[in-house]
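Here are a few quick notes to read alongside the model. I've stuck to the pockets and one side chain that caught my eye.

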Amino acid sequence: MADSKLKKGYLSMIEVLALSVSIVAPTMAMAFNTAPTAGVAGTAVPLSFLLGTIAMILVGVSFVEFSKRIPHSGSVYAYNTKGFGPKTGFVSGWSLAATYFCYSAGCAALFGNFANVFLLHFGIHVPEWILVMVGIFLVWFFSYRDIRLSTRAALMLECISIVVVLILCFIVVGKGGSSGNNLTPFTTGTAGISGIGAGMIFAILSFAGFEGASTLAEEAKNPKRAIPVAILGTVIMAGIFYVFVSYAQVIGFGVDHIAKLSGSNAPLDVLASRYVNSVMGTFIDFAAMISAFACSLGSANAGSRILFALGRDKTIPEFLSYVHPKHGTPVNAVNTISLFTLVLYLVIGLSAGASNFYAYFGTIGTFTLLFAYIMVNLAAIRYFRRNKDENYSVIRHLVIPILGFLSLLWPIYGNVYPVPSFPFNIFPYIAAAWIILGIVIIAVKLSKNPEFASHIGG
């Protein structure tokens, strides 16, 4: 198909890094995930995030090792094809595409929710659904245009939000919090080892999407260096941020008042009002708003690259691989993501509300993401054992992937047992149905034309 090539060697390392950072959305993670972590880990929230960071570094190594050898916009689609073959490769890419779509749609809705809260500080009331529509349109506009515009805009917005949160946390820690700085948040505390393990579920999920930079491999300058640096850089920087900000939140509420943190719907807002003033709370809401937008934009960019790669190989409709002749972006894939986001929000989001819409699709997307992560770690073991060379390492290519695989089993278990209440109890089955649909699609394709396998993930 004509016009199916992305702009090679177009993006700098910083622009590549921007995509992973924006999808992870550190500010949004800290606005949402510390309270539920405190609910299970007690005062040991920072310790849970520290251990979660280590787990994600282990998972990230497999992405790094693959990206050094296979620079491909399909990310896990290409990696798992090399490790397990075309069927597994396609299903992995199919699953990751669902993840990015779910995150983009959910965060676009959350942008509308945060924008509504932010505007209310100034006495301005705009119906939430209108603000969500604005968010969907802006994500479409930026992702349709030059990828540099998207990545730079996302990075700028996320950096602003991070700076705002860091200023607040430095103030909280500088004032000694509620009862002085101490190391209690880095001990097992009253929750014990099991509580810390449960807290790791939320910590690990806070890193979801860190591998997004791998989808820009065909557009990056020196991708075999830029992608690994972007992936590990995102995990390490986000991990440091998470540990510090979660520590500030625990100290800010007080180790003797951890129940207040776990019961708070907006812990950063509470700290802003307590340690600074209401104006700081306005800045915090603004930071959360732009972080949600950056996440939606980054996810749309990554998702469109996955669809582009699948379309280019004709595993899904080829029109998704069309690239805009001027902007160099996979416009049909971008349009598809935006259109489905709009339709789903109108069908589900209007009645459920933006925050519930985000929670629903974020949960579904996380299940498909964890499937892709698990398969990458297993594929790394198989691929590098079969393709040993002078760079083969038992540590990087066997031990670490095994540890990465094991670290992902806990968040999966924690999300299905105890069985959550409706509708969250059906989301694992929706994710499984999507994966099974992918299996059926590729099985039918290959049964009709076995030679088609040679086109997949190349």
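1. Start with the largest pocket, which holds about 1400 Å³ of space. Keep in mind while looking at it that this is a predicted model.

2. Which residues sit at the heart of that pocket? Of the 50 that line the largest pocket, Phe32, Asn33, Pro36, Phe202 and Tyr358 lie nearest its centre. Helix α15, spanning residues 354–386, gives the most to this lining, with eight residues.

3. As for chemistry, the lining of the largest pocket counts 35 nonpolar and 13 polar residues, plus two charged ones.

4. Next, the second largest pocket: about 620 Å³ of space, by the same kind of calculation. Its lining is made of 27 residues, and Ala98, Phe101, Phe340, Leu344 and Trp434 are the ones nearest the centre. The elements that give two or more residues here are α6 (86–120), α13 (278–312), α14 (331–352), α15 and α17 (427–448). So you'll meet α15 again, having seen it give the most to the largest pocket.

5. Are there charged residues around the second largest pocket, and how many? None: the lining splits into 23 nonpolar and four polar residues, with no charged ones.

6. Finally, have a look at Glu65, in helix α4 (residues 45–69). Buried or exposed? Glu65 counts as buried because its relative accessibility is 3%, and the cut-off for buried is under 20%. Its side chain makes a polar contact with the side chain of Lys68, at 3.4 Å. Leaving aside residues up to four places away in sequence, Glu65 touches Phe384, Arg396 and His397.

Terms used:
Residues are numbered from 1 along each chain as its sequence is written. This is a predicted model: local features need pLDDT of at least 70, side-chain atom pairs count only at pLDDT 80 or more; totals for chains, interfaces and linings use all residues. Side-chain values use heavy atoms; hydrogens and water are left out. On a 1 Å grid over the protein atoms alone, a cavity is a set of points where a 1.4 Å probe fits but cannot get out, and a pocket is an open set with protein on both sides within 12 Å along at least five of seven lines; lining residues have an atom within 4 Å of a point. Grid points are joined across faces, edges and corners, and a volume is the space filled by probe spheres set on the points. Helices (H or I, at least four residues) and strands (E, at least two) are DSSP runs, numbered from the N terminus. Ala, Val, Leu, Ile, Met, Phe, Trp, Tyr, Cys and Pro count as nonpolar, Asp, Glu, Lys and Arg as charged, and the others, Gly among them, as polar. Buried means under 20% relative accessible area, exposed over 50%, partly exposed in between (1.4 Å probe, protein chains only). A polar contact is a pair of N or O atoms within 3.5 Å; within protein, one must be able to donate a hydrogen and the other to accept it, and residues adjacent in sequence count only if both atoms are side-chain atoms. Contact means heavy atoms within 4.5 Å.
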